[in-house]
Amino acid sequence: MDNILLLTIEHLELSAVGVLLAMAVGIPLGIIITRYRLAAGITMAVTDILQTVPALAMLALLMMVFGLGDTTLVISLVLYSLLPIVRNTYAGILGIDKGLVEAGRGMGMTRLQLLRLVQLPIALPVILAGIRVALVTAIGIATIGVLIGAGGLGSPIWRGIQQTDAVLILSGAVPAALLAIVCDVGLERLERAMTPRGLRATAHR
Amino acid sequence: MSDFVSFLQYNSDAVITATLQHVYLSFGAVFAGASLAIPLGIWLTGREKAAQACLSVTGTIQTIPSLALFGFALPILGIGFFPAMVVLFLYSLLPILRNTYTSLKGVSPALIEAGKGMGMSNCQLLVMVKLPLALPVIMTGIRISSIYIISWATFAAFIGAGGLGDLIVTGIQTMDLYFILAGAIPTALLALVTGWVLGLLERAVTPRGLRIYGVERE
């Protein structure tokens with residue numbers, strides 16, 4: 001029981017670290033490319049291609065470069081989390097009503113103030129939606145990390161599959177599924193809570 | 001590089017077999033998924049509560065990590081091709097169901113009124129007005145599903161269902177780059193080509209009236 005709890009925590013840690021690193025790169029990148037159309041095209045194409053590489057293949061290829069272990073898993077989680085985060089940041093900021101940005105400019109806001117006071121708060125729910133997708137995907141991919149010697153809930157599932165031991169499989173599969181569902185629901189709540197009040201009112205109409 | 005080519009020549013039978021298994025597995029799953037999700041999506045329009053319930057169930061299935069879902073399937077269905085197909089089928093449901101439901105709901109009431117005004121029955125309204133308008137969005141759902149499923153079908157190797165994942169797993173276990181590439185490259189190509197072809201089909205089924213506006217749908 002203790003062991004499962006430890007594995008669950010480890011699993012969450014690995015996934016969260018991957019997503020946090022992807023956020024550190026992806027959110028600024030998403031903001032910057034809203035200003036440069038060409039860069040946006042290139043970034044989207046690259047992240048799109050990264051996404052088509054099957055997770056298992058990505059892990060395998062990274063393993064050949066970075067060796068076995070947690071680090072390799074985290075690197076692949078970062079690569080997988082980039083697309084939803086960059087895309088949603090970019091789309092969230094570009095999707096803002098032009099009138100609102102104009103209004104901010106008319107009030108004499110600098111670019112930075114515009115970003116901090118207008119664009120980011122309005123885009124926040126969309127960015128959070130990207131983070132939610134990234135985290136759920138990361139929790140899923142982290143389960144197969146066991147194949148490249150990473151920790152987490154994948155190991156009881158994998159051992160269980162090899163020994164055809166249903167109890168062992170379920171002791172990893174149930175917490176992994178619950179972890180993904182809880183993170184999904186939790187971040188969805190946060191998304192709703194972070195929606196600026198003015199926008200929530202229009203959504204109800 | 002030339003080493004890799006001769007590796008492929010030497011193992012061509014294994015790669016071709018694995019690719020075919022992969023194609024059967026993923027296309028079979030998406031086909032089964034579409035056969036359930038599209039009629040279900042049609043039935044759910046106008047049944048708000050049931051629709052929310054179905055969407056949240058399929059959404060939850062989508063959330064469950066794939067290795068865990070394969071893990072759940074193993075004690076119940078055993079190992080092999082069929083259980084893997086069932087798991088992939090479950091994964092394919094959400095995008096198709098959600099797109100069918102939302103696109104049918106999104107058909108402009110004015111167009112439906114126009115159809116009713118012309119004396120169409122419910123069935124005619126569905127076949128002649130709603131479905132043609134919703135088809136591009138439904139196709140998007142099928143495309144997204146297919147791309148995911150092709151990638152996830154690599155996990156089928158864990159429960160002995162074969163496919164290109166087998167080559168990758170062998171490559172990981174023996175630390176052999178060629179085996180990994182021989183599994184990874186065809187999988188990625190399969191996903192890219194399928195996405196491209198279905199994208200073309202999506203454009204082809206877009207009613208001409210809608211194409212004029214150049215509406216991009218995702």
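In this predicted model, a good place to begin is the second largest pocket, whose volume is about 320 Å³. Of the 14 residues that line this pocket, those closest to its centre are A:I93, A:L94, A:V101, A:R105 and A:Q119. Three helices of chain A each give two or more residues to the lining, namely α4 (70–94), α5 (98–106) and α6 (111–143). When the lining residues of the second largest pocket are sorted by character, 7 are nonpolar, 2 are polar and 5 are charged. As for how such spaces are found at all, rolling a probe the size of a water molecule over the atoms shows where empty space is left.

From the pocket we can step back to chain A as a whole, which contains 9 helices and 0 strands, so that its elements, followed from the N terminus, read α-α-α-α-α-α-α-α-α. Taken along the principal axes, the box filled by the C-alpha atoms of chain A is roughly 65 × 40 × 25 Å. Chain A has 205 residues, and 50% of them are buried. If we consider the contacts in chain A with a separation of 6 or more, 75% of them are between residues 24 or more positions apart. The accessible surface of this chain comes to about 10,100 Å², and carbon and sulfur atoms account for 67% of that area.

One residue of chain A deserves a separate look, and the general background is that most residues other than glycine have a negative phi. A:T164, although it is not a glycine, has a positive phi of about 40°. This threonine sits in the loop that lies between α7 (154–162) and α8 (166–194) of chain A. Is A:T164 buried or exposed? With a relative accessible area of 61%, A:T164 is exposed, because the cut-off for that class is over 50%.

Chain B can be read in the same manner, beginning with its 10 helices and 0 strands, which follow one another along the sequence in the pattern α-α-α-α-α-α-α-α-α-α. Its C-alpha atoms fill a box of roughly 70 × 40 × 20 Å along the principal axes. Chain B has 218 residues, of which 47% count as buried, and its accessible surface is about 10,600 Å², with 68% belonging to carbon and sulfur atoms. Among the contacts in chain B that join residues at least 6 apart in sequence, 78% are between residues at least 24 apart.

In chain B, too, there is a residue other than glycine with a positive phi, namely B:M175, for which the value is near 55°. B:M175 belongs to the loop between α8 (164–174) and α9 (177–205) of chain B. Its relative accessible area is 41%, which means that B:M175 is partly exposed.

The last stop is B:S103, a residue of helix α5 (residues 81–105) in chain B. B:S103 has a relative accessibility of 10% and therefore counts as buried, since buried means under 20%. Which residues is B:S103 in contact with, once its neighbours within four places in sequence are left aside? They are B:A134, B:V137 and B:I138. The side chain of B:S103 also has a polar atom that lies 2.8 Å from the backbone oxygen of B:N99.

Conventions. Residues numbered from 1 in each chain as written. Chains lettered and ligands numbered in written order. Predicted model: local features only at pLDDT ≥ 70, side-chain atom pairs only at ≥ 80, totals over all residues. Heavy atoms only, no water. 1 Å grid on protein atoms, 1.4 Å probe; cavity = no way out; pocket = protein on both sides within 12 Å on 5 of 7 lines; lining within 4 Å. Points joined across faces, edges and corners; volume = space filled by probe spheres on them. Helix = DSSP H or I, 4+ residues; strand = E, 2+ residues; numbered from the N terminus. Nonpolar A, V, L, I, M, F, W, Y, C, P; charged D, E, K, R; others polar. Buried < 20%, exposed > 50% of the residue type's maximum accessible area, 1.4 Å probe, protein only. Polar contact = N/O pair within 3.5 Å; in protein donor to acceptor, adjacent residues only side chain to side chain. Contact = heavy atoms within 4.5 Å. Areas by Shrake-Rupley, 256 points an atom, 1.4 Å probe, with all protein chains shown as cover.
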